[in-house]
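Biologist: Could you take me through this model, one question at a time?

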Amino acid sequence: MSVRKYVMIFYRLSWLVFVALVLVDVFGGLRLSWWLTMLPAAVAVAVALGMSRAARAHLANRPAATEVAPPVAGRWSALNSPADSVPSHATHAYGQTYAIDIVAEGGPGARPAFARLWPVVRRNRDFPAFGAPLLAVADATVVHASDRQRDHLSRNSLPALAYLMLIESAAREIGGAGWITGNRLVLDLGNGTYALYAHLQRGSLQVRAGDRVRTGQVLARCGNSGNSTEPHVHFQLMDHPDPDVARGIPFRWEGVGVPANGEEFTVGEEPTAASPGTAAQVRDH
């Protein structure tokens, strides 16, 4: 394993020890000194700051964007886009420096709006992205494919979002990249470039590790597994197949570019699994 992998393991273990000490202090009847309880958390924060500083230094040698085909078809809009800020998800961890989230819009009013209080959660079928086909962005080899995690209910209300941010996300961070990305697919595009699709629908994979795929081939379907507020596609390019080790690589989608936050775009007719190939057309809004 690489040094970066060991550092990530140490980082998660530090948070796990911190949580264990807090639970022992609260429920175990032992009165631990505050500095002993807080020490693992301080170590984890220091490690995170060190990794972030190293990632920022890496940005000085930012590579040119790699152009690939869009991973979806239909009408979508962008969230957390590297067109607006880098790192797009406010972190360099897990190769997310240039990652993007996109949500399917469907027809007018098809995508439920964020709720203040009610409904607290929604079923995934209420969102037009759920079950949408995910397409190969290039001729590639599948190096990782997993789809056993469940698709949880949405977190697109204030109470549900608070639960996600304060409890669920922290638990997933300790669990590692697999818990954060949920069901995921990684393609080897060649030349040290890998494409990651996260939050896939449970049981939707149509390929497995070792398969060769063609541009536009249907690979899986959009889901709501992992650290996700609603069914959406998380896409990124990176320089290693393991998100713990990877650094992000900039991308551009053929015919689309890099849509900015809130920008809607349309990609042409979706292909079938038996008939790979896509054509992209952009409609500005």
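The questions below go from the whole chain to single residues.

Modeller: This is a predicted model, in which local features need pLDDT of at least 70 and side-chain atom pairs count only at pLDDT 80 or more, while totals for chains, interfaces and linings use all residues. Residues are numbered from 1 along each chain as its sequence is written, and side-chain values use heavy atoms, with hydrogens and water left out.

Biologist: What is the radius of gyration of the chain?

Modeller: The chain has four helices and 13 strands, which are DSSP runs (helices H or I, at least four residues; strands E, at least two) numbered from the N terminus. The globule rule (2.2 Å times the number of residues to the power 0.38, with the radius taken over C-alpha atoms) gives 19 Å for 285 residues. The chain is close to that value, so it is as compact as a globular protein of that length, with a radius of gyration of 20 Å.

Biologist: Which residues touch the most other members of the largest nonpolar core?

Modeller: A nonpolar core is a set of buried Ala, Val, Leu, Ile, Met, Phe, Trp, Tyr and Cys residues joined through side-chain atoms within 4.5 Å. Buried means under 20% relative accessible area, exposed over 50%, and partly exposed in between (1.4 Å probe, protein chains only). The largest core has 36 residues, and those touching the most other members are Leu187, Tyr197 and Phe235.

Biologist: Is Met38 buried, partly exposed or exposed?

Modeller: Met38 is in helix 2 (residues 34–59). With Trp34, Trp35, Leu36 and Leu39, Met38 forms a nonpolar patch on the surface; such patches take residues with over 30% relative accessible area and no salt bridge (a side-chain nitrogen of Lys or Arg within 4 Å of a carboxyl oxygen of Asp or Glu), nonpolar side chains being joined within 5 Å. Because its relative accessibility is 40%, Met38 counts as partly exposed.

Biologist: Which residue is joined to Trp118 by a cis peptide bond?

Modeller: Most peptide bonds are trans. Here omega is about -5°. The partner lies in the loop between strand 3 and strand 4 (133–135), and is Pro119.

Biologist: What is the relative accessible area of Asn191?

Modeller: Asn191 is found in the loop between strand 6 (184–190) and strand 7 (193–198). Its phi is near 55°, a positive value in a residue other than glycine. Asn191 is exposed, and its relative accessible area is 82%.

Technical notes. Patches are made of residues with over 30% relative accessible area and no salt bridge: like charges are joined within 9 Å, nonpolar side chains (Val, Leu, Ile, Met, Phe, Trp, Tyr) within 5 Å. Accessible areas come from the Shrake-Rupley method with a 1.4 Å probe; for residues, only the protein chains shown count as cover.
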